[in-house]
Amino acid sequence: MTKEDLLVNLEFWASCLENPTYNSLEVGFRHTPLSKDEIVQRYKDECNMTRHAILRVIEIINEEGIE
């Protein structure tokens with residue numbers, strides 16, 4: 001993994017965690033605000049996906065190192 005790849009991943013994770021309840025596909029189509037359960041589920045999903053991606057990058061770094 002290159003340093004640039006790592007930086008791209010870090011920037012992507014930061015943007016994903018910036019507003020995990022936002023879904024650009026819903027803009028203009030959603031007629032009711034998110035329920036508390038939907039908000040909690042979106043935070044949970046985003047945290048799980050980000051955690052999985054971080055663990056995968058750690059594996060890649062351990063296997064290949066950073067160039």
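Here is a short chat about charges, cysteines and surface patches in a predicted model.

Colleague: Let's start with charge. Which residues gather in the patch of negative charge on the surface?

Modeller: That patch is made by Glu4, Asp5, Glu63, Glu64 and Glu67. Keep in mind that this is a predicted model.

Colleague: Which helices each supply at least two residues of it?

Modeller: Helix H1, running 3-18, and helix H2, running 36-64, each give the negative patch at least two residues.

Colleague: Take glutamate 4. Where is glutamate 4 found, and is it buried or exposed?

Modeller: Glutamate 4 sits in helix H1. Its relative accessibility is 53%, so glutamate 4 counts as exposed.

Colleague: OK, salt bridges next. How many does the structure hold?

Modeller: There are four salt bridges in the structure. Some of them join up: Glu26, Arg30, Glu38 and Arg42 are linked in a network.

Colleague: Walk me through that network. What does the side chain of glutamate 26 meet in arginine 42?

Modeller: Those two side chains form a salt bridge, at 2.5 Å from N to O. Glutamate 26 is in the loop between H1 and H2 while arginine 42 is in helix H2, so the pair ties together parts that are 16 residues apart in sequence.

Colleague: And what about arginine 30 and glutamate 26, how do their side chains meet?

Modeller: Also in a salt bridge, with an N to O distance of 3.5 Å. Arginine 30 has another such contact with the side chain of glutamate 38, at 2.6 Å from N to O.

Colleague: How accessible is glutamate 26?

Modeller: Glutamate 26 has a relative accessible area of 21%, so it is partly exposed. Arginine 30 counts as partly exposed at 30% relative accessibility, and glutamate 38 is partly exposed too, at 29%.

Colleague: Switching to cysteines. How many disulfides does the count come to?

Modeller: Zero disulfides.

Colleague: Why is there no bond from cysteine 16 to the closest cysteine sulfur?

Modeller: Because the distance is too great: the closest cysteine sulfur belongs to cysteine 47, and it is 11 Å from the sulfur of cysteine 16. A pair of cysteine sulfur atoms has to be within 2.5 Å to count as a disulfide. Cysteine 47 is likewise in no disulfide, with the sulfur of cysteine 16 as its nearest one at 11 Å.

Colleague: Is cysteine 16 buried or exposed?

Modeller: Cysteine 16 is buried, given a relative accessible area of 17%.

Colleague: And how exposed is cysteine 47?

Modeller: Cysteine 47 has 44% relative accessibility, so it counts as partly exposed.

Colleague: Good to know. What makes up the nonpolar surface patch?

Modeller: Ile54, Leu55 and Ile58 make that patch, which comes to about 220 Å². Leucine 55 is in helix H2, and with a relative accessible area of 36% it is partly exposed.

Colleague: Last topic, glutamine 41. Where is glutamine 41 found?

Modeller: Glutamine 41 belongs to helix H2. At 38% relative accessibility, glutamine 41 counts as partly exposed.

Colleague: How far apart in space are glutamine 41 and proline 20?

Modeller: From C-alpha to C-alpha, glutamine 41 and proline 20 are 9.8 Å apart, with 21 residues of separation in sequence.

Terms used:
Residues are numbered from 1 along each chain as its sequence is written. This is a predicted model: local features need pLDDT of at least 70, side-chain atom pairs count only at pLDDT 80 or more; totals for chains, interfaces and linings use all residues. Side-chain values use heavy atoms; hydrogens and water are left out. Patches are made of residues with over 30% relative accessible area and no salt bridge: like charges are joined within 9 Å, nonpolar side chains (Val, Leu, Ile, Met, Phe, Trp, Tyr) within 5 Å. Accessible areas come from the Shrake-Rupley method with a 1.4 Å probe; for residues, only the protein chains shown count as cover. Lys and Arg count as positive and Asp and Glu as negative; His and the chain ends are not counted. The place of a charge is taken as NZ of Lys, CZ of Arg, CG of Asp or CD of Glu. Helices (H or I, at least four residues) and strands (E, at least two) are DSSP runs, numbered from the N terminus. Buried means under 20% relative accessible area, exposed over 50%, partly exposed in between (1.4 Å probe, protein chains only).
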